[in-house]
Amino acid sequence: MASLTCLPYTLLPIVSPSSTSTSSSCSAATCLVPSNPKRCRVSLQSSRSRQRFGLSIRAAVDGVSAMDEVSGLAKDAVDDVTSLGRSPLKLKLLSAVAGLNKGIAASEDDLRKADAAAKELEAAGGPVDLSTDIDKLQGRWKLVYSSAFSSRTLGGSRPGPPIGRLLPITLGQVFQRIDILSKDFDNIVELQLGAPWPLPPIEVTATLAHKFELIGSARVKIVFDKTTVKTTGSLSQLPPLEIPRIPDGLRPSSNTGSGEFEVTYVDADTRITRGDRDELRVFVIA
């Protein structure tokens, strides 16, 4: 709905650009002009998923060019419309991974469908350039799908403890917390560990702290720092346990303590990455 707000105001005809005086001939169109001219604001607002999409044109009698403001705001509006145009592809991807328990329950057919839907969205979004858009990484992201979890291990394509086989481990939510200023990159994993009857399961949150750096326009390298394990639930009063990084000399050759991945799509609420071992991950902003 469009709204015109200029108070107090008078109704005057629009003067032709070639006119030199407000008393010259005018077109049939009229406009509202403030009686005490300080500012006139025209706002066009429409709903976009409960928020966003506002185009404001401010004309102030202070020497600022209204056209400069309009051009910048119009570009933002075009970017919003472009994002809206990709919404069906995002919904297609999220529908493809829904019900797969972050990929743990994915079959070969599910893996193919998720990969195809991700490629469609990646193609629509175009190349990612984090050197100019690194702000888009900022925040807490929730993992909704990982193709590596179909291997049924917490390590994904890397060696890791099995889920629901030898150890009674239940994987909960998985998050990534990224701070572009401090270069902190934390993988946060919620786990439920089985305990002998009649003891209840032990709930813990493991935070795998990393530092990150850009090594290309869309490629990110992370270096492991430490792991912090904190009990939650009924045992939340226990202090956290910090597990330091294993010295490089004692580290297995298969575990370098670092990794790389490429951000193949990112916008305000959705991010797709592909890992150094061909792992597809889909995140949504938390």
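**Strand pairing, helix 3 and local backbone features**

Strand 10 runs antiparallel to strand 11 (residues 241-244), and the two are joined by four bridges. Within this pairing, K226 has P244 of strand 11 as its bridge partner. The model in which these elements are described is a predicted one, and the statements that follow should be read with that in mind.

The pairing of strand 10 extends to other strands. Eleven bridges connect strand 9 (residues 202-214) with strand 10 (residues 219-231), again in an antiparallel arrangement, and the two strands form a hairpin in which four residues lie between them. In this hairpin K226 of strand 10 stands opposite A209, so that K226 takes part both in the pairing with strand 9 and, through P244, in the pairing with strand 11. Strand 10 is also joined to strand 12 by five bridges, with the two strands running antiparallel; here the bridge partner of V223 is S258 in strand 12.

Ahead of strand 9, the loop that connects strand 8 (184-193) to strand 9 contains P198. The peptide bond leading from W197 into P198 is cis, and its omega is near 10°.

Helix 3 comprises 18 residues (108-125), and the distance from its first C-alpha to its last is 26 Å, close to the 26 Å expected at 1.5 Å a residue. The residues of helix 3 that are buried are D110, L111, A114, A117, A118, L121 and E122. Viewed down the helix axis, these buried residues fall within an arc of 140°, and they therefore line one face of helix 3. On the face turned away from this buried side, helix 3 carries the exposed residues E108, R112 and A123. The cover over the buried residues of helix 3 includes helix 2 (87-97) together with strand 6 (139-146), strand 12 (258-266), strand 13 (270-275) and strand 14 (280-285). Strand 12 thus appears in two settings, being among the elements that cover the buried residues of helix 3 and being joined to strand 10 by five bridges. Helix 3 is followed by G126, a residue with a positive phi near 80°.

Positive phi values also occur in the loop between helix 2 and helix 3, where both N101 and K102 are found. Phi of N101 is near 50°, a positive value in a residue other than glycine, and K102, likewise not a glycine, has a positive phi of about 65°. As for the exposure of these two residues, N101 has a relative accessibility of 40% and therefore counts as partly exposed, whereas K102, at 10% relative accessibility, counts as buried because this value falls under the 20% limit.

Confidence in the prediction bears on how the model is read. The mean pLDDT of the protein chain is 75, and 62% of its residues reach 70 or more. Over residues 1-78 the pLDDT is below 50, although the model gives this stretch 85 contacts beyond near neighbours in sequence. Residues 153-161 form another such segment, in which pLDDT stays under 50 and for which the model has 22 contacts beyond four places in sequence.

Definitions and conventions. Residues numbered from 1 in each chain as written. Predicted model: local features only at pLDDT ≥ 70, side-chain atom pairs only at ≥ 80, totals over all residues. Heavy atoms only, no water. Expected span 1.5 Å × (residues − 1). Buried < 20%, exposed > 50% of the residue type's maximum accessible area, 1.4 Å probe, protein only. Arc of directions from axis to C-beta. Contact = heavy atoms within 4.5 Å. Pairing = 2+ DSSP bridges. pLDDT = per-residue confidence, 0-100.
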